[in-house]
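Colleague: Could you take me through this model, starting with its sheet and then moving on to its helices and surface?

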Amino acid sequence: MPGDGGERYVLAGEWRGPTIGPMLKEFERLERAGSRGKVEIDLSGITGVDTAGAWLIRRLMTAKGGEGGETALVGGEGPIRELIGVLPEHTPAPPAGNGARGSLFERLFAPVGEVMVSLGGDFYAAMHILGSAVRGAQMKLGRGAGVSPASVVTHIDRMGVRAVPIIVLMSFLIGAIIAQQGAFQLRYFGAEIFVVDLVGILQLREIGVLLTAIMIAGRSGSAITAEIGSMKMREEIDALTVIGLNPVGVLIFPRLVALTVALPLLTIIANFSALFGAAVVAFAYSGITFDTYLSRLHEAIDHTSVASGMIKAPFMALAIGIVAAVEGMKVGGSAESLGQHVTTSVVKSIFAVIFMDAMFALFYSAIDF
């Protein structure tokens, strides 16, 4: 007890996280108990302290001082007193509304607002990447030094040439399935020959470019996000900025060019593969010879059927590349963040491709193309 009738607490031993557990209940009792006059806390017996122990002592000082009393530290080594002194007297209050349920209106529309703000940010980032890529290409062409051909060719090889086997196999099976199911249904009407019209128009106008774009979104779009995200995690993108290079021009623009070149070419390959698969099934399942198949296909399709599908390919390629680049630039510093953004990139790319295909279908219908 101090001379003026106050309280004195003598602390001793190790005040570290593993050893202060048994004292927590006692400290809670002291914090709730009233204080009488000045309170002294003697630190001379403490042999070691860490942040957990210092925080416990600071809590006691705050509890006793908050009741109108006066607290003072007595004894103790300098580092111990300094550690206690830098801790705040009061724990910061949590942000307003954190953990609160809020009104029904807030719970219904707050998530919608967050999604819209996020979409707005993604759209702004996408336009920034597209504008930076186009502007950077214009500036390079103005100086007579365009994009590095080696980089573009390398990415065309990765995104286009190496994707040919899976595109050919997938398209062959899709064409065969459409032909088999179409022939099975048209057989009831004695119109099996019209399966050629069905496969030709459906494959060339819709299925060919759509499924190819979805495959590229899952295969190449995820790779773009993972590559750029890994560079972001290792601060390689910041290093490019420091040395005066534009990350969009160095990393993203060659990939956009490669995708824009590769996807139309892969669409052509996919169309040929699907039509061949349909011809094989039509011959085996319905007895339609290859000569009859080609003759009927020539009558069923025209240049609009081919052009309507091919026009979509560059726009879908740009959408896939931009979405993948935006998600890659948003990756944080952890592997979990990288995985989340790669998944998000694939989902958003596929949604963008399907939405774009729907918009083109409405546009073609409106202009009777």
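Modeller: This is a predicted model, and its 3 strands form an open sheet with parallel pairing, in the order β1-β2-β3.

Colleague: Which strands are the edge strands of that sheet?

Modeller: In an open sheet ordered β1-β2-β3, the strands to look for are those that pair on one side only. That description fits residues 7-15 and residues 70-74, so the edge strands, given that two strands pair if at least two bridges are found between them, are β1 and β3.

Colleague: Over how many bridges do β1 and β2 pair, and what is the bridge partner of V10 in β2?

Modeller: Strand β2 covers residues 38-49, and its pairing with β1 is parallel, running over 8 bridges. For V10, the bridge partner in β2 is D42.

Colleague: Which helix packs on the sheet, and what angle does its direction make with that of β2?

Modeller: The helix that packs on the sheet is α3, residues 78-86, which touches both β2 and β3. Taken against the direction of β2, the direction of α3 makes an angle of about 120°.

Colleague: Is F105 buried or exposed, and what is the area of the nonpolar surface patch it helps to make?

Modeller: F105 belongs to helix α4, which spans residues 104-142. Its relative accessibility is 59%, and because exposed means over 50%, F105 counts as exposed. Together with L104, L108, F109, V112, V115, M116 and L119, F105 makes a nonpolar surface patch of about 830 Å².

Colleague: Is S337 buried or exposed, and which residues is it in contact with beyond its neighbours within four places in sequence?

Modeller: S337 sits in helix α12, residues 335-367, and has a relative accessible area of 13%; since buried means under 20%, S337 is buried. In space, the C-alpha atoms of S337 and G229 are 8.9 Å apart, although 108 residues separate the two in sequence. Once its neighbours within four places in sequence are left aside, S337 is in contact with K330, V331 and G332.

Colleague: For the chain as a whole, what share of residues counts as buried, and what share of its exposed area do carbon and sulfur atoms supply?

Modeller: The chain has 12 helices and 3 strands, and of its 369 residues 38% count as buried. Among contacts between residues at least 6 apart in sequence, 84% join residues at least 24 apart. The chain exposes about 19,900 Å², and the share of this area supplied by carbon and sulfur atoms is 67%.

Methods:
Residues numbered from 1 in each chain as written. Predicted model: local features only at pLDDT ≥ 70, side-chain atom pairs only at ≥ 80, totals over all residues. Heavy atoms only, no water. Patch = residues over 30% accessible without salt bridge, like charges linked within 9 Å, V, L, I, M, F, W, Y side chains within 5 Å. Areas by Shrake-Rupley, 256 points an atom, 1.4 Å probe, with all protein chains shown as cover. Salt bridge = Lys/Arg side-chain N within 4 Å of Asp/Glu carboxyl O. Helix = DSSP H or I, 4+ residues; strand = E, 2+ residues; numbered from the N terminus. Buried < 20%, exposed > 50% of the residue type's maximum accessible area, 1.4 Å probe, protein only. Contact = heavy atoms within 4.5 Å. Axes fitted to C-alpha atoms, helices over the stretch in contact; angles between N-to-C directions.
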